[in-house]
Amino acid sequence: MSDAGASAAVHSAEAEGLPEDLGHDLGWLMGQAQYGYLEAAASACTQLPGGLRALQVLGAAVEGEGRNQIEVARRFGIDRTVMVRLVDELERDGLVLRQPDPADRRARILVATERGTLVHTAAQQQRLLVDQHVLAALEPAEREEFVRLLRRIVARLVDVDPTHGVAACEIARQQIDARKGTGGPAATG
């Protein structure tokens, strides 16, 4: 059997456990991948109040990207009231500080504490193990290609709407409506 034939047989066998009707449904497949990732990632963030979202917010503070709490919330798609509670918990646990923004007295900058930086580093190491676990069904080259393609998809969605994907959803609705009106395939954007 050729390498290509062997590879196809392996990939076919890997997909055998999937329901036939859902095994080709992109939404279901992405949902299952996200659910599996989030469940596994929760174990990497047990030392953080707020789990994976807290890791993202703490990361913004560690990297110096916490210039504005509202912008950090928008970047990660976190509701403003949830963000306030999350930052309150991170601050209570001594992981971040809210400091006045010298350029705008009304705004607060999120700054990681030394402890916050250490906790972030440890949680990131755990999260990388989760990434390896979730992508374990793929060969190393496939992992790189998967991440590269996913980056491209997300970059397009962010380009359409950098705040949260609402505009991307509206474009999809318009394409579906256009297809219904013409009876033909929807245009891609």
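In the predicted model, His120 is buried, with a relative accessible area of 9%, which places this residue below the 20% cut-off for burial. His120 lies in helix H6, and, when residues up to four places away in sequence are not counted, its contacts are with Leu55, Leu58, Gly59 and Val62. Leu55, Leu58 and Gly59 are themselves among the buried residues of H3, a helix that covers residues 51-62. A second residue of H6 (residues 114-134), Arg127, is likewise classed as buried, its relative accessible area being 18%. Leaving aside neighbours within four places in sequence, Arg127 is in contact with Tyr37, Ala44, Leu52 and Leu55; of these partners, Ala44 is listed among the buried residues of H2, and Leu52 and Leu55 are listed among those of H3.

These residues belong to a protein whose secondary structure comes to eight helices and two strands, arranged from the N terminus on in the order α-α-α-α-α-β-β-α-α-α. Of its 189 residues, 24% count as buried. Among contacts with a separation of 6 or more, 46% are accounted for by residues 24 or more positions apart.

Helix H3, which supplies partners to both His120 and Arg127, has twelve residues, and the distance from its first C-alpha to its last is 16 Å, close to the 16 Å expected at 1.5 Å a residue. H3 is mostly covered, nine of its twelve residues being buried. The residues concerned are Gly51, Leu52, Ala54, Leu55, Val57, Leu58, Gly59, Ala60 and Ala61, and the elements against which they pack are H2, H4, H5, E1, E2 and H6. After H3 comes Gly64, which has a positive phi near 75°.

Helix H2 (residues 26-44) consists of 19 residues and reaches 27 Å between its first and last C-alpha atoms, close to the expected 27 Å at 1.5 Å a residue. Its buried residues are Ala40, Ala41 and Ala44. Around the axis these residues cover an arc of only 105°, which puts them on the same side of H2. The buried residues of H2 pack against H3 and H6, whereas the face turned away from the buried side carries the exposed residues Gly27 and Tyr35.

A comparable description can be given for helix H5 (residues 80-92), for which 13 residues at 1.5 Å a residue should span 18 Å, in agreement with the 18 Å that separates its end C-alpha atoms. Within H5, the residues Met83, Leu86, Val87 and Leu90 are buried. Viewed down the axis of H5, the buried residues fall within an arc of 95°, so they line one face of the helix. Such an arrangement can be related to the geometry of the α-helix, which has 3.6 residues a turn, so residues three or four places apart point the same way. The buried residues of H5 pack against helices H3 and H4 (69-76) as well as strands E1 (96-101) and E2 (104-112), while Thr81 and Arg92 are exposed on the face turned away from the buried side. H5 is followed by Gly94, whose phi is positive, near 75°.

The packing of H3 with H5 was examined further. The axes of the two helices come within 11 Å and cross at roughly 75°. H3 and H5 are therefore roughly perpendicular to each other, since crossing angles of 65 to 115 degrees fall in that class. On the side of H3 the contact is made by Arg53, Ala54, Val57 and Leu58, and on the side of H5 by Val82, Met83, Leu86, Val87 and Leu90. By class, the contact has eight nonpolar, no polar and one charged residues, the charged class being the one to which Arg belongs.

Met83 of H5 also takes part in a contact with Ala73, a residue placed in helix H4. At 2% relative accessibility, Ala73 counts as buried. Leaving aside neighbours within four places in sequence, Ala73 is in contact with Ile78 and Met83. The C-alpha atoms of Ala73 and Val84 are separated by 9.1 Å, these residues being eleven apart along the chain.

Methods. Residues are numbered from 1 along each chain as its sequence is written. This is a predicted model: local features need pLDDT of at least 70, side-chain atom pairs count only at pLDDT 80 or more; totals for chains, interfaces and linings use all residues. Side-chain values use heavy atoms; hydrogens and water are left out. Helices (H or I, at least four residues) and strands (E, at least two) are DSSP runs, numbered from the N terminus. The expected span of a helix is 1.5 Å times one less than its number of residues. Buried means under 20% relative accessible area, exposed over 50%, partly exposed in between (1.4 Å probe, protein chains only). The arc is that of the directions from the helix axis to the C-beta atoms. Contact means heavy atoms within 4.5 Å. Axes are lines fitted to C-alpha atoms, for helices over the stretch in contact, and angles run from 0 to 180 degrees between N-to-C directions. Angles under 35 degrees count as roughly parallel, over 145 as roughly antiparallel, 65 to 115 as roughly perpendicular and the rest as oblique.
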